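Here is a friendly briefing for a fellow structural biologist. Please have the viewer open as you read, and follow the residues from topic to topic.

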Amino acid sequence: MNTSIIPAAHRVSRIAAWAGGGILLLTSVLITVEVILRKVFTISMGGADEISSYAMAVSCSFGFAFALFQKAHIRIDVVYNKCPRMLKHVLDIASLAFLGAYMAVLSYFGFKVFWVSFTKGTTANTPLHTPLWIPQLAWTIGLWGFTLAIVLLLSATLFSLLKKDAQTAAALAGAATLKEEIQKETADTSDTDAPAPQESSESGGTP
Amino acid sequence: MIVTVTLGILLSLLLLSIPVAAALIILGFSIGQIFSDFPLYRAIGEISWSASTDFILLAIPLFVLLGEILLRAGIAKRTYTALARWLAWLPGGLMHANIATSAMFAATSGSSVATAATITTVALPEAERYRYRESLFAGSIAAGGTLGILIPPSINLIVYGFLTNTSIPQLFMAGIVPGIILTLLFMACIFAICLFKPEYGGVRQEATRAERLSSLADLVPVLLIFAVVIGSIYTGIATPTESAALGVLFSLGLAWQNRAVSLDFIKQVLEGTMRTTAMIMLILVAANFLNFILDSIGLAEQLTEFVNNLGLSPFKTLMVIILLYIVLGFFVETLSLMVITIPIVAPVMTGLGFDPVWFGVLIILLIEMALITPPVGLNLYVVQGVRQRGSISDIMKGSMPFVGMIALMVLLLILFPDMALVFSQYVD
């Protein structure tokens, strides 16, 4: 085991997040078409809301791991920030362990939800009669992927602590600093000729 | 008894910086084990699946997506410049533009962090250039950022609606009037301060009539999106989720027209959206399961009975609740505060005869206050994080007048409940 697996896992989770986000964009298109057809042509395709609901479940479960590597899952850090370094490591490990335990349970029961639908051939109680196992399988895969990501991150953190590499451990599992968060929020990709009030306002003074 | 155990477990987990979603689930499992004879935890798969596929909740990722598109397409900057041309002549100058831009962005996206961070980036260099008193200037940005959760579309209102089974169109409509009044109160406050203490304002700038008129075009996009999103809900053409989808495509069109759309732009927008969405949904799925457990053991009934036995009048109970939120708001992050308290508090208050829509708006106002009260006021830190000089206590001081304005707004809402209910009665 070494920690170089984490950047690789981060890359994979990023691709999953693009997929999840892409699903959301497609969902918007689907819903918009449905609304226009319904209001302008009074035709109903039916089922757009149902498909979109499945899409949301899949999209979110695909995004969980990415949010983990980006340290987006909220931790309350009032006490954390005042702790000595050693205790912070303990809290980081406990956080990952608890989150991992939750996700392991959810993934297990999520799989059971899929399995029951699959073996019983359950279909949705809607005009579409969607075989429920299809979206549930994708959802479960996302959950298991998230669980795996937590396990990897936890192992890598423990590993670097064993090697007495406290810095890497803190970088891997420490709570997000506000600076990192703001950097992500204000990343601006616009290359327009917008009349920016002043040139130096571009990147929020981030170094 | 249950309440003490619940609060004990929850507070210790949260203070240990355990991720909020995990803390809620651990609490759910423990409560289920202690107070119920059934293995309630076995239902977690089904319950999480049904929350994950709730069509109403889909509005959250879509509104996040909408906001990301607008912010990263540089539309915030254009809006700010345009509003500055219209408002900078007033006593208080650019600070009015801070508030107004925040309010307009509030009207299109629900994220206060993103709004506050973006506006700080655009506005703060101006404060230095025109020699504004930085504390009040920064305070106005932090306070302006809180408007996003009150003026619809608001993710926090959706969360409230989801947790309490309250109509989201009604909540959205209920947020409009208080949102506008609070915006005006913020501006009036700046106006008054700078009238009596001109040193707080900076060098006054006047824009020419031509400049003003040409800047109007930059205000159109944001207003159009607001019209599409809120108009489609108000007229009943679309549900909140559908209106969010319309808004996403519309804003993507605007970004395209702004020549902002590129592969890199899309990637950043999707990543930003997923980061926020995954964070919110993990908490909501967990909160939903905790709700199921609390329902199963009948906590809400017990609490309602407990409150009734206290013999407090509804009004006194309301005061206690408000005080509770103000105090908790000092210390607890706002989304966590909402998912933890609302399922418990809202049924009690509705049981006492308060209107659930009105109470939702009241809660949101208190949450806004929590966003700018130290020591844990997220917006204060966001502004300071972008500013990166001086001390955060400057910003805390600068926000104080606005905390006062929110308190005034809470009072107004209690005295004139119709402010929230005037529009909401026309939608389902």
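The notes below go through the fold of chain B, its salt bridges, and then the aromatic and nonpolar features.

Please keep in mind that this is a predicted model. Chain B has 20 helices and zero strands, and its radius of gyration of 22 Å is close to the 22 Å that the globule rule gives for 428 residues, so chain B is as compact as a globular protein of that length. Over all chains, a search of the whole structure turns up 11 salt bridges and 20 aromatic pairs.

**Chain B as a whole**

- Measuring sticks out: along its principal axes, the C-alpha trace of chain B spans about 75 × 50 × 45 Å.
- Of the 428 residues in chain B, 65% count as buried.
- One buried residue to look up is B:Val382, with a relative accessible area of 1%; its place is in helix α18 (residues 378-387) of chain B.
- For a sense of distance, go from B:Val382 to B:Ala43: the two are 339 residues apart in sequence and 39 Å apart in space, C-alpha to C-alpha.

**Salt bridges in chain B**

- Within one helix, the side chains of B:Arg72 and B:Glu68 meet in a salt bridge at 2.6 Å, N to O. The two residues are four apart in helix α4 (residues 59-72) of chain B, so about one helical turn separates them. Both B:Arg72 and B:Glu68 are buried.
- B:Arg78 forms a salt bridge with B:Asp218, with 3.4 Å between the closest N and O atoms. This pair links distant parts of the chain, 140 residues apart: B:Arg78 belongs to helix α5 (residues 75-87) of chain B and B:Asp218 to helix α11 (residues 209-234) of chain B.
- Are these two partners buried or exposed? B:Arg78 is buried at a relative accessible area of 17%, and B:Asp218 is buried at 18%; both count as buried because the cut-off is under 20%.
- B:Arg387 and B:Glu134 form another salt bridge, their closest N and O atoms being 2.7 Å apart. B:Arg387 lies in helix α18 of chain B and B:Glu134 in helix α8 (residues 134-146) of chain B, so this pair ties together parts that are 253 residues apart in sequence. B:Arg387 is buried, and so is B:Glu134.
- B:Arg387 and B:Glu134 also belong to a network of salt bridges that links them with B:Glu128, B:Arg389 and B:Asp394.

**Aromatic pairs and a cluster**

- Among the 20 aromatic pairs found over all chains is the edge-to-face pair of B:Phe29 and B:Tyr41, at 6.2 Å centre to centre with 85° between the planes. B:Phe29 is in helix α2 (residues 20-35) of chain B and B:Tyr41 is in the loop between α2 and α3 (44-52) of chain B, so the pair ties together parts that are 12 residues apart in sequence.
- Both rings belong to residues that are partly exposed: B:Phe29 has a relative accessible area of 21%, and B:Tyr41 has 30%.
- B:Phe186 and B:Phe402 make an edge-to-face pair too, at 5.4 Å centre to centre and 90° between the planes. B:Phe186 sits in helix α10 (residues 168-196) of chain B and B:Phe402 in helix α19 (residues 392-415) of chain B, so the pair ties together parts that are 216 residues apart in sequence.
- B:Phe186 is buried at a relative accessible area of 0%, and B:Phe402 is buried at 0%.
- Which residues form one aromatic cluster? They are A:Tyr108 and A:Phe109 from chain A, with B:Phe29, B:Tyr41, B:Phe289 and B:Phe292 from chain B.

**Charges over rings**

- In chain A, the charged end of A:Arg75 sits over the ring of A:Tyr80, 5.0 Å from its centre.
- In chain B, the charged end of B:Arg133 sits over the ring of B:Tyr200, 4.5 Å from its centre.

**A nonpolar patch on chain A**

- A:Tyr108, A:Phe111, A:Trp115, A:Phe118 and A:Trp144 make a nonpolar surface patch of about 540 Å².
- Helix α3 (residues 85-120) of chain A gives the largest share of the patch, four residues.
- A:Trp115 lies in helix α3 of chain A and is partly exposed, with a relative accessible area of 43%.

How values were computed
Residues are numbered from 1 along each chain as its sequence is written. Chains are lettered from A and ligands numbered from 1 in the order in which they are written. This is a predicted model: local features need pLDDT of at least 70, side-chain atom pairs count only at pLDDT 80 or more; totals for chains, interfaces and linings use all residues. Side-chain values use heavy atoms; hydrogens and water are left out. Rings of Phe, Tyr and Trp (its six-membered ring) pair if their centres lie within 6.5 Å; planes under 30 degrees apart count as stacked, over 60 as edge-to-face and the rest as tilted. Buried means under 20% relative accessible area, exposed over 50%, partly exposed in between (1.4 Å probe, protein chains only). A charge sits over a ring if NZ of Lys or CZ of Arg is within 6 Å of the ring centre and within 35 degrees of the ring normal. Patches are made of residues with over 30% relative accessible area and no salt bridge: like charges are joined within 9 Å, nonpolar side chains (Val, Leu, Ile, Met, Phe, Trp, Tyr) within 5 Å. Accessible areas come from the Shrake-Rupley method with a 1.4 Å probe; for residues, only the protein chains shown count as cover. A salt bridge is a side-chain nitrogen of Lys or Arg within 4 Å of a carboxyl oxygen of Asp or Glu. The radius of gyration is taken over C-alpha atoms; the globule rule is 2.2 Å times the number of residues to the power 0.38.
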